[in-house]
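Reader: I would like to learn how the descriptive words used for a protein model are earned. Could you take me through them, setting each value against its definition?

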Amino acid sequence: MAARCFVVLVFVSFLVMSVSAIPSKRRRGSFSTIKQLNRKGPYIGLITVYSPEEEAFFRSGAFKPDAKHPFVDLSGSNYDVEGRRYRVGKINGKKVVFVRCGVGMTNAAAVTQQMLDLFDVTGIVHFGISGNVNDSMSIGDVTIPKQFAHTGLWNWLNPNGTMDPADVAYLEVGSYNVPEGDGVNLLGQIGYSTEQLFSVSREPNTAVSLWWMEVSQQWLQLARSLEGMELEKCVNSSLCLPEKPKLVVGLKGATSNIFLDNAAYRDFLFQTFEVSSSDMESSAVVMTCLSNGFPVIVIRGLSDLAGAESGDNAIHTFGSLAALNAAKAVLEFISKLPGYNSPLQHYM
């Protein structure tokens, strides 16, 4: 038994050494640059998801790159992969660090934590596009939700399984049989579980069960001044929305590692949780900021109807417009931010 434990210990040690390999000269250079940049901080952290959102943001021309260090590349240490590029500069005279995290909750959480660890930031503004789950909202609108739920943390039960009373809600898969109630659906039931929040403001290793993850109230209140701002209506001269888009503050959002393009599930999310948008990153960004004690806000442009429309998903047609409107809202929000406070001051 002792020999077996020794072998396991050696193997685990080998894995740890492989993952935390000695940084390359390029990586050490990046850390040196970050150290220099932090002397000029603090910054507002900006995190978006994929290239169309990034392109819409930079196309505005509002971002002015730092003259000496316009970006920092953090290359991957394993598998010869490249990491992410953090762009450093100013918007309306306010210092910002921008990064594209990539699709999904793992990417979003990892990048948020990396930014909070490495850069001197006061808080995170997360933005991009999302699906519209609320019939009172429209494609092209911008939502700045007050809270998010991770709707992809499931207990998937057998048809005759016992439901966990701690679950927030249940989805009876069989109730979606067509015709209704015809036969037995072996997919059973799905129970929606809460997250566990570990926070710097609590005792170590003490988690709180959390369903709704709230953005920073101070920043949300500031965002209310954006309601009524002018948003774009047209993709181009020949393709426009039937109505002028609007910006709404204080709704709810859902996040999971699922691209939602299904009318029945869209309706379930709205009826059960009263969410208005669905995306694949926001709750991970919010949760990471809450855990670390940093302010956070989320700004999302609605690109499609999450499956309620017929034919191809509208993200392919109006995704660029939704990204543009989200970027416009981000720039307006940054312009209204007062001076910089330390993260702790936001919670005093």
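Reader: What makes you say that helix H6 lies across S9, S10 and S11?
Author: Helix H6, residues 263-273, lies across these three strands and runs at about 150° to S10. Contact here means heavy atoms within 4.5 Å, and angles run from 0 to 180 degrees between N-to-C directions, with axes being lines fitted to C-alpha atoms, for helices over the stretch in contact. Helices (H or I, at least four residues) and strands (E, at least two) are DSSP runs, numbered from the N terminus. The model is predicted, so local features need pLDDT of at least 70 and side-chain atom pairs count only at pLDDT 80 or more, while totals for chains, interfaces and linings use all residues. Residues are numbered from 1 along each chain as its sequence is written, and side-chain values use heavy atoms, with hydrogens and water left out.

Reader: How do you know that S10 and S11 pair?
Author: Two strands pair if DSSP finds at least two bridges between them; S10 and strand S11 (residues 189-192) have 4 bridges, in the antiparallel sense, and therefore meet that definition. In one of these pairings, Glu172 has Gln189 of S11 as its bridge partner.

Reader: Why are S9 and S10 said to stand at the edges?
Author: The open sheet has 3 strands in the order S9-S11-S10, with antiparallel pairing. Strand S9 (154-157) and strand S10 (169-172) each have a single partner strand, so one side of each is left without a neighbour in the sheet. From one strand to the next, the twist averages 20°.

Reader: What makes Gly174 partly exposed?
Author: Buried means under 20% relative accessible area, exposed over 50%, and partly exposed in between, with a 1.4 Å probe and protein chains only. Gly174 has 26%, so it is called partly exposed. Gly174 is found in the loop between S10 and S11, and it touches Asn185 and Gly188, not counting residues up to four places away in sequence.

Reader: Is Thr33 buried or exposed, and how do you know?
Author: Thr33 has a relative accessibility of 15%, and therefore counts as buried. Thr33 lies in helix H2 (residues 25-38) and touches His69 and Val72, again not counting residues up to four places away in sequence.

Reader: Why is H7 described as largely enclosed by the rest of the structure?
Author: Of the 11 residues of H7, 8 are buried, so the description follows. Among them are Val285, Val286 and Met287.

Reader: What values describe the packing of H4 and H7?
Author: Two packed helices are described by the angle between their axes and the distance between the axes. For helix H4 (residues 105-118) and helix H7 (residues 282-292), the angle is about 35° and the axes are 8 Å apart. The residues making the contact include Met105 and Leu116 of H4, and Val285 and Cys289 of H7.

Reader: Why is the pair of Phe268 and Phe273 called edge-to-face, and what is the pair of Phe57 and Phe63 called?
Author: Rings of Phe, Tyr and Trp (its six-membered ring) pair if their centres lie within 6.5 Å; planes under 30 degrees apart count as stacked, over 60 as edge-to-face and the rest as tilted. Phe268 and Phe273 are 6.2 Å centre to centre with 90° between the planes, so the name edge-to-face follows. Phe57 and Phe63 have 55° between the planes, and their pair is tilted. Both Phe57 and Phe63 are buried, and both Phe268 and Phe273 are buried.
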